[in-house]
Structures are given as C-alpha cells and as structure tokens.
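User: Please take a close look at one helix in this model. I want its packing, its polar contacts and its ring pairs in one connected account.

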Amino acid sequence: MFGILKFQTFLLVVLLFICSCTYLHGVFPTWLDRNKSGPLGTFWRAARIGERLSPYVSLCCVAMAVSLVMGA
C-alpha cells in the first residue's frame with residue numbers, strides 16, 4: 001500500500017496497467033469493447049491510451065526501466 005505513495009512507483013503501476021490492458025485488448029478485443037462504460041470501462045480507456053499513444057508509452061517504459069536499473 002505504501003509503495004504507491006512514492007511517485008516513481010505510482011508511475012510504474014500506471015504504465016504496467018496501460019500496457020497490460022493494451023495486451024488484453026489485443027488478445028480479447030470483444031471483452032473490452034463490450035465494457036466501454038461503467039467501472040470496467042477503465043480497462044477499455046487504458047487500452048485505448050496504449051494503442052493511440054504507443055510510441056510515448058513505450059518511451060516511458062524504457063525511461064522507467066533505465067531509471068530502475070540506475071537506482072534513482
């Protein structure tokens with residue numbers, strides 16, 4: 001619980017959530033497309049962000065990986 005209070009860890013969780021939802025949308029597209037509204041719509045929105053902003057999301061993932069390896 002306290003790990004999310006750190007900004008770097010929060011960004012890591014958000015990036016992993018976006019990447020996971022994008023992957024799930026590629027594997028099970030009808031499941032996420034069926035749930036565009038309500039609480040499960042968050043997964044659809046994260047997948048949409050991952051699809052449309054994929055170059056930026058991948059650059060953020062690389063930057064996060066370098067940051068974690070460097071120990072900053």
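The helix in focus is α3, and the answer below starts from the whole chain and then works along that helix.

Analyst: This is a predicted model. The protein has 4 helices and 0 strands. From the N terminus on, the order is α-α-α-α. The C-alpha trace spans about 40 × 30 × 15 Å along its principal axes. Of the 72 residues, 18% count as buried. Among contacts with a separation of 6 or more, 57% join residues 24 or more positions apart.

Now the helix itself. α3 covers residues 41-52. Its 12 residues should span 16 Å at 1.5 Å a residue. The end C-alpha atoms are 16 Å apart, which agrees.

Next, the buried side. Which residues of α3 are buried? They are G41, W44, A46, A47 and G50. The buried residues of α3 pack against α1, α2 and α4. Here α2 is 29-34, while α1 is 7-27 and α4 is 54-70.

Three of those names recur in the core. The largest nonpolar core has 9 residues, and W44, A46 and A47 are among them. The other members are L15, I18, C21, L32, V57 and M64. Two or more core residues come from each of α1, α3 and α4. In soluble globular proteins, nonpolar side chains tend to be buried together.

A47 shows how this packing looks at the level of one residue. Leaving aside neighbours within four places in sequence, A47 is in contact with C21, T22, H25 and L32. Of these, C21 and L32 are also members of the core.

C21 deserves a short detour. C21 is buried, at 4% relative accessible area. Its sulfur is 9.5 Å from the closest cysteine sulfur, that of C19, which is too far for a bond. C61 is in no disulfide either; its nearest cysteine sulfur, again that of C19, is 3.6 Å away. The cut-off for a disulfide is 2.5 Å. C61 is partly exposed, with a relative accessible area of 28%. The structure holds 0 disulfides.

H25 is another partner of A47. H25 lies in helix α1. Is H25 buried or exposed? It is buried, with a relative accessible area of 10%. Beyond its neighbours within four places in sequence, H25 is in contact with L32, D33, A47, R48 and E51. That list includes A47, R48 and E51, so the thread leads back to α3 and its charged pair.

R48 and E51 form a salt bridge. The closest N and O atoms are 2.8 Å apart. The count for the structure is 1 salt bridge. Why can these two residues meet along the helix? They are 3 residues apart in α3, which puts about one helical turn between them. An α-helix has 3.6 residues a turn, so residues three or four places apart point the same way. R48 is partly exposed, at 23% relative accessibility. E51 is also partly exposed, at 32%. Both residues are in contact with the buried H25.

The last feature is aromatic. The structure holds 2 aromatic pairs. The rings of F17 and F43 have their centres 5.5 Å apart. Their planes are at 50 degrees, so this pair is tilted. F17 lies in α1 and F43 in α3, so the pair ties together parts that are 26 residues apart in sequence. F17 is partly exposed, with a relative accessible area of 30%. F43 is partly exposed as well, at 29%.

F43 also pairs with W31. Here the centres are 6.4 Å apart and the planes are again at 50 degrees. This pair is tilted too. The cut-off for pairing is 6.5 Å between centres. W31 sits in α2 and F43 in α3, 12 residues apart, so the pair links distant parts of the chain. W31 is partly exposed, with a relative accessible area of 37%. Through these ring pairs, F17, W31 and F43 form a cluster.

To draw the helix together: its buried residues pack against α1, α2 and α4. W44, A46 and A47 belong to the largest nonpolar core. R48 and E51 carry the salt bridge. F43 shares a ring cluster with F17 and W31.

Conventions: Residues are numbered from 1 along each chain as its sequence is written. This is a predicted model: local features need pLDDT of at least 70, side-chain atom pairs count only at pLDDT 80 or more; totals for chains, interfaces and linings use all residues. Side-chain values use heavy atoms; hydrogens and water are left out. A nonpolar core is a set of buried Ala, Val, Leu, Ile, Met, Phe, Trp, Tyr and Cys residues joined through side-chain atoms within 4.5 Å. Buried means under 20% relative accessible area, exposed over 50%, partly exposed in between (1.4 Å probe, protein chains only). Contact means heavy atoms within 4.5 Å. A salt bridge is a side-chain nitrogen of Lys or Arg within 4 Å of a carboxyl oxygen of Asp or Glu. The expected span of a helix is 1.5 Å times one less than its number of residues. Rings of Phe, Tyr and Trp (its six-membered ring) pair if their centres lie within 6.5 Å; planes under 30 degrees apart count as stacked, over 60 as edge-to-face and the rest as tilted.
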